[in-house]
Amino acid sequence: MSRSRKANEEGKLVGDRALPPAHAVLCRRRLAALAVLLLLVVVPLKLVSWAASGASAAPAVDQQQADTMPVPLAPPLPPPSPPTPPPPPCGYPGKSLSALSPPRWCYHLDGNATACHLAFVDSPSSSGTLSRRCTYVAGRCKLSSGEGVLCPSPPSSPPPPPSPPPLPSPPPPPPFQPPQIWTRHAGKNCFWDGNGAIIDLDPTPAPGVASLEECKSLCVATLLCEGLLFSNQGQCYRKGDVQVGRCRTDRRFDLYVYVLASPPSPPLPPFPPDSEAVRAINQRFRSGGPSDKLTEVGILLHQWDGLEANDEMRPYKMCVEKCTTLGREMSGRVSAMAVYQGLKDRPDRVGIPLPFGNRGGLVLDGAHVTLECLFGIDGASYMSDDARRPGCTRTFCDRAQMQVPNVGLCGFAGYPPPAGGPG
């Protein structure tokens, strides 16, 4: 024991035996060298390990910091609306006796308690349908005395919007107003007595006229007005039956003559078969000629000339007595002309004469006409108002001397020409 302790004191115990002191020193030195070597090896490894761990740890720290940064949150979505529950069933479970065909009532189920307890009756009301149960009492099925269940009527669809009002009918087109075509003849003065205007509608200037346009409008609205004179002093004179070639030169006046541009005429309908009267008139026109008998001179025509009786209800009525026409009172007369087919072949005629090209008139029966006087040309009978023979001149042609010196053939020259007598 003492030996072992001593060895321990001097050296180390190796295994079961103690090393001597020299060996212990040597061992300690070896151990120290080995420790130094291990230290040199381990320290670089540690440094490399720390460097590697430091390089890999930095991103981890940054990622950790990023994970800990606050992120703005989106506003929370509103909770979804709960589904609309289906409407609760109205009425009672079981069988509606009113829905049967034909409808039944509770008393039809007398003696059947099970069916009575499952049945109910519907009755309409102002607010909907009232359902009431059937009850079974003492073998009888009766209508319950309770209030029942009211099933309101479904809301009615809104009424359709009112129909738009019908579009107004387009206004009728205005009546055709033929354009007025006025022709100006400067420095012309027309008046009666063979000077280019048989009818003087204004012996004095027309009152209330202040311009040429007003004078034109007044003429258009006046029967028989075919033209007008407008003076350099603004005076208006209406004229009828204007013959421009016979008007006088007068620088104080300008003559305006107008015509109406009529629309194109529609095609004529087929002519009806001639009546007996039409055939008689045509035959008299074809066979007529100079004669002392009015029934043999062709046909007698009267064109509307404004000397009618001025009867609005009967515009064809002739003035046979005292009449007021064209602004003056005059004695009655009927002007007419004798025309026949052979006139177009006479060398002194260019056609069958008509005073107006656009006016109607009458065909007179020569058997019922009394001749007062006659003219070979326009006689200007409007200005001849002899009460004994209205429309005739005071003196007649002398048949013994028909050629008037410095005038010409009596009744065919002068203005107004002298009239031929009826004899």
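Let's start at Leu409, which is partly exposed because its relative accessibility is 38%, between the 20% that ends the buried class and the 50% above which a residue is called exposed. Keep in mind as you turn the structure around that this is a predicted model. Leu409 sits in strand 19, and it shares a nonpolar patch on the surface with Ile377 and Phe412. Together those three side chains belong to residues offering about 240 Å² of accessible area.

Right beside Leu409 in the sequence is a cysteine worth a look. Cys410 falls in the segment after strand 19 (408-409), while its partner Cys397 is in the loop between strand 17 (361-364) and strand 18 (403-404), so their bond ties together parts that are 13 residues apart in sequence. The two sulfur atoms are 1.7 Å apart. With a torsion of about -90° around the S-S bond, this disulfide is left-handed. Both of these cysteines, Cys397 and Cys410, are buried.

How many disulfides does a search of the whole structure find? The count is 7, and two others are good to visit next. One of them pairs Cys116 with Cys141, with 2.1 Å between the sulfur atoms. This pair links distant parts of the chain, since Cys116 belongs to helix 3 (residues 113-117) and Cys141 to strand 6 (residues 140-143), 25 residues apart. The S-S torsion here is about 90°, so this disulfide is right-handed. Cys116 has a relative accessible area of 0%, so it counts as buried. Cys141 is buried too, because its relative accessibility is 3%.

The other one joins Cys215 and Cys236, whose sulfur atoms are 1.8 Å apart. Distant parts of the chain are linked here as well: Cys215 is in helix 4 (residues 212-220) and Cys236 in strand 11 (residues 236-242), 21 residues apart. Its torsion is about 70°, so this disulfide is right-handed. Both Cys215 and Cys236 are buried.

That last pair takes us into the interior. In soluble globular proteins, nonpolar side chains tend to be buried together. In this model the largest nonpolar core has 17 residues. Cys215 and Cys236 are among its members with the most contacts inside it, along with Trp182, Cys219, Leu228 and Phe230. Which elements give two or more residues to this core? They are strand 9 (197-200), helix 4, strand 10 (227-231) and strand 12 (248-260). If you zoom in on Cys236 and skip its neighbours within four places in sequence, you find it in contact with Asp202, Pro205, Ala206, Val209, Cys215, Leu229 and Phe230. There is also a second, separate core of 9 residues, which includes Cys190, Tyr237, Val242 and Val257.

Helix 4 leads on to a couple of backbone oddities. Most residues other than glycine have a negative phi. Leu224, however, has a positive phi, near 75°. Leu224 is placed in the loop between helix 4 and strand 10, and it is buried because its relative accessible area is 6%. Asp241 also has a positive phi, near 50°. This aspartate is in strand 11, and at 13% relative accessibility it counts as buried, the cut-off being 20%.

For a contrast, try Gln180 in strand 8 (residues 180-189). Is Gln180 buried or partly exposed? Its relative accessibility is 40%, so it is partly exposed. Its C-alpha atom is 8.7 Å from that of Val220, although the two residues are 40 apart along the chain.

Now zoom out to the whole chain. It has 5 helices and 19 strands. Of its 423 residues, 25% are buried. Taking contacts between residues at least 6 apart in sequence, 56% join residues at least 24 apart. The chain exposes about 30,200 Å², and carbon and sulfur atoms supply 61% of that area.

Note on methods. Residues are numbered from 1 along each chain as its sequence is written. This is a predicted model: local features need pLDDT of at least 70, side-chain atom pairs count only at pLDDT 80 or more; totals for chains, interfaces and linings use all residues. Side-chain values use heavy atoms; hydrogens and water are left out. Helices (H or I, at least four residues) and strands (E, at least two) are DSSP runs, numbered from the N terminus. Buried means under 20% relative accessible area, exposed over 50%, partly exposed in between (1.4 Å probe, protein chains only). A disulfide is a pair of cysteine sulfur atoms within 2.5 Å. Patches are made of residues with over 30% relative accessible area and no salt bridge: like charges are joined within 9 Å, nonpolar side chains (Val, Leu, Ile, Met, Phe, Trp, Tyr) within 5 Å. Accessible areas come from the Shrake-Rupley method with a 1.4 Å probe; for residues, only the protein chains shown count as cover. A salt bridge is a side-chain nitrogen of Lys or Arg within 4 Å of a carboxyl oxygen of Asp or Glu. A nonpolar core is a set of buried Ala, Val, Leu, Ile, Met, Phe, Trp, Tyr and Cys residues joined through side-chain atoms within 4.5 Å. Contact means heavy atoms within 4.5 Å.
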